[in-house]
Amino acid sequence: MDTFVSPAVDGAAGVEVLIAGAGPTGLVLAIDLARRGIRHRVVERSERGFPGSRGTGIQPRTLEVLDDLGAVAALQEAGGPCPPVQIWDGPERVRERDLVHRAEPGPATPYPELLMLPQWRTVEVLYGRLEELGGEVDFGTEMTGFGQDADGVTATLRRSDGSEETVRAEYLVAADGGRSTVRKALGVPFTGEPVDPRPVLIADVMLEGVARGHWHMWPKAEGGMLAVRPLEGAETFQVIAGYEDVTYEPEVARDATPEALLALLERRTGLPGLRVGEVTWASVYRARAAMAERFRTARVFLAGDAAHIHSPAGGQGLNTSVQDAYNLGWKLGAVLRHGAPEALLDSYDAERVRVAADVLGLSTSVHAADRAHAEDGLYRRGPETLQLDLNYREGPLTRELRRGVPEGALRAGDRAPDAPCVDASGAPVRLFDAFRGPHFTLLDLTGESAPPTVPDLPWLRTYRVGGPHADLHDTGGHAKSAYGSGLFLIRPDGYVGLATDEAGDVAEYAGAVAAG
């Protein structure tokens, strides 16, 4: 992709945010911008959404994000829990085990468990939600060039029929994948290293002869590990075949035909009566971890795989990508609609670079643990993969101003927990219900008789939890247990931005972070 610097182009169609790529990252950002009334445009080079299963696990923190965005119910209807793993040695069953950490729903955590569904279905649900909000995707439209100046970005788009269009936007967000042409055009270094030199073939196939109730694994199969998993909401199975020979170069056209896959499955499983039908999607990869040196270059942002790529072990990649978009969306809204300082957008880079680095380390360590446990299947994932403990405590938008906060207590920068409450009428209201939407939320847990004096701002909602004249009654004590005492300003992305005992700090924080 050529990059150039140009002034505003007379007659160029204009939007506020141009998004390159309509995978989960681009769609989540578009949904968030749509509900904020931000004029945006999503362009996607392919003629349809992503066709394969690839990122199949949605972690609990991401489910909370998608709850806020109005998509979680449809995803839960389409998906299901991670099935138990049946370990095989040839045609013999060896043992059954669980791969993921499972917990019961609690007051602070309404989504305690991983949700499984193929990525193509996730994309369909997100696109449907975007349409509900009046948005759309320009499929078959590729961004072939862009440049930026002090006032915005000028991009050239080419449609599948060869026609071209010039678009002017205030900001460009590259959600165009691990081979991002935007990142390359910017010259942003993308540094990393191979995690595993062994090639892996992944394919979505029509398959008979394997039961759908388990995730089947042959960890000691001759030639390399084999895994077969039924896909939620589809008739297909996901087949994952590793190759111990690092010099072998699998090819989709050769190794993912029905005939080749049947031969591979018969050889590695020894199961009789297998039949392979249509192969709906296939890909080959070698696990690698890499990250962009920076996620912002003036008016251009990198998000999702364009900013970082992971080993698929632990199911972190798609989830980290979605949360990139969720972090960036409210900040673009604050700058474009509420007069927030342009410097607020720098916090996207500061916050997400650190999180991405931590998650890359986690994915790589899980991959290494999988290799160490190769004799009896994959390493059992721990609660750290759920992403509920990721935080921005060291971020530039975090203000912890309370005194004497106990060790282990919730602090500014942490994920804001949920809690069941009731309103003045006695109707149940969860804190996540109060948070849902594009606004900031101020929780008053001081118990004071007089309400705090806080700015009257259209993007700020205040709830007094407990005490005289409460908006919400903490009948079970769960809010108090999760938060303690004080004033807590919850960012639109569900993190505690400010924790304080003084109402005056709220106005100061609002002026510095989100303006008026």
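Select Glu-400 to begin: at 21% relative accessibility this residue counts as partly exposed, a class that lies between buried (under 20% relative accessible area) and exposed (over 50%), computed with a 1.4 Å probe on protein chains only. Before going further, note that this is a predicted model, in which local features need pLDDT of at least 70 and side-chain atom pairs count only at pLDDT 80 or more, whereas totals for chains, interfaces and linings use all residues. Residues are numbered from 1 along each chain as its sequence is written, and side-chain values use heavy atoms, with hydrogens and water left out.

**Salt bridges**

Add Arg-402 to the selection, and a salt bridge with Glu-400 appears, its closest N and O atoms 2.9 Å apart; the term stands for a side-chain nitrogen of Lys or Arg within 4 Å of a carboxyl oxygen of Asp or Glu. Unlike its partner, Arg-402 counts as buried, because its relative accessibility is 12%. The structure holds 35 salt bridges.

Go next to Arg-41 and Glu-165, whose side chains meet in a salt bridge with an N to O distance of 2.8 Å. Arg-41 lies in strand β3 (residues 40-44) and Glu-165 in strand β11 (residues 164-174), so that this pair, 124 residues apart, links distant parts of the chain. Strands here are DSSP runs of E with at least two residues, helices are runs of H or I with at least four, and both are numbered from the N terminus. Arg-41 and Glu-165 are both buried.

The third pair to select is Asp-444 with Arg-464, a salt bridge at 3.8 Å from N to O. This pair also links distant parts of the chain, with Asp-444 in strand β25 (residues 440-444) and Arg-464 in strand β26 (residues 460-464), 20 residues apart. Asp-444 counts as buried because its relative accessibility is 2%, and Arg-464 counts as buried at 7%.

To see a network of salt bridges, select Asp-32, Arg-35, Arg-36 and Asp-68, which are linked in this way.

**Domains**

Now colour the chain by its domain assignment, whose bounds come from an automatic or database source: domain 1 takes 15-81 + 113-192 + 289-385, domain 2 takes 193-287 and domain 3 takes 399-513. The centres of domain 2 and domain 3, taken over C-alpha atoms, are separated by 49 Å. An unreviewed UniProt entry places the feature "domain: FAD-binding" at residues 15-360; such annotations may be inferred rather than shown by experiment. Across residues 15-360 the chain is 29% helix and 31% strand, and 33 Å lie between the end C-alpha atoms.

**Helix α12**

Select helix α12 (residues 504-513) and look for its buried residues, which are Asp-505, Val-506, Tyr-509, Ala-510 and Val-513. They lie on the same side of α12, because they cover an arc of only 135 degrees around the axis, the arc being that of the directions from the helix axis to the C-beta atoms. Turn the helix over, and the face of α12 turned away from its buried side shows the exposed residues Gly-504 and Glu-508. The cover over the buried residues of α12 includes α8 (317-338), β22 (399-400), β25, β28 (487-490) and β29 (496-500), where contact means heavy atoms within 4.5 Å.

**Strands and sheets**

Strand β14 (residues 215-218) comes next: Trp-215 and Met-217 point one way from β14, His-216 and Trp-218 point the other way, and all are buried. Strand β5 (residues 85-89) runs parallel to β14 and is joined to β14 by 3 bridges, with Gln-86 opposite His-216; two strands pair if DSSP finds at least two bridges between them. Strand β15 (residues 226-230) pairs with β14 in the antiparallel sense, also over 3 bridges, and there Met-217 stands opposite Ala-227.

Select β12, β18 and β21 to see an open sheet of 3 strands in the order β12-β18-β21, with antiparallel pairing. Because β12 (190-194) and β21 (308-309) each have a single partner strand, they stand at the edges, and one side of each is left without a neighbour in the sheet. Between β12 and strand β18 (residues 288-292), which run antiparallel, there are 5 bridges, and Pro-194 stands opposite Arg-288.

End with the open sheet of 3 strands in the order β24-β23-β27, where the pairing is antiparallel. Its edge strands, β24 (428-430) and β27 (472-473), each pair on one side only. Strand β23 (residues 420-423) meets β24 over 3 bridges in the antiparallel sense, with Cys-421 opposite Val-429 in β24.
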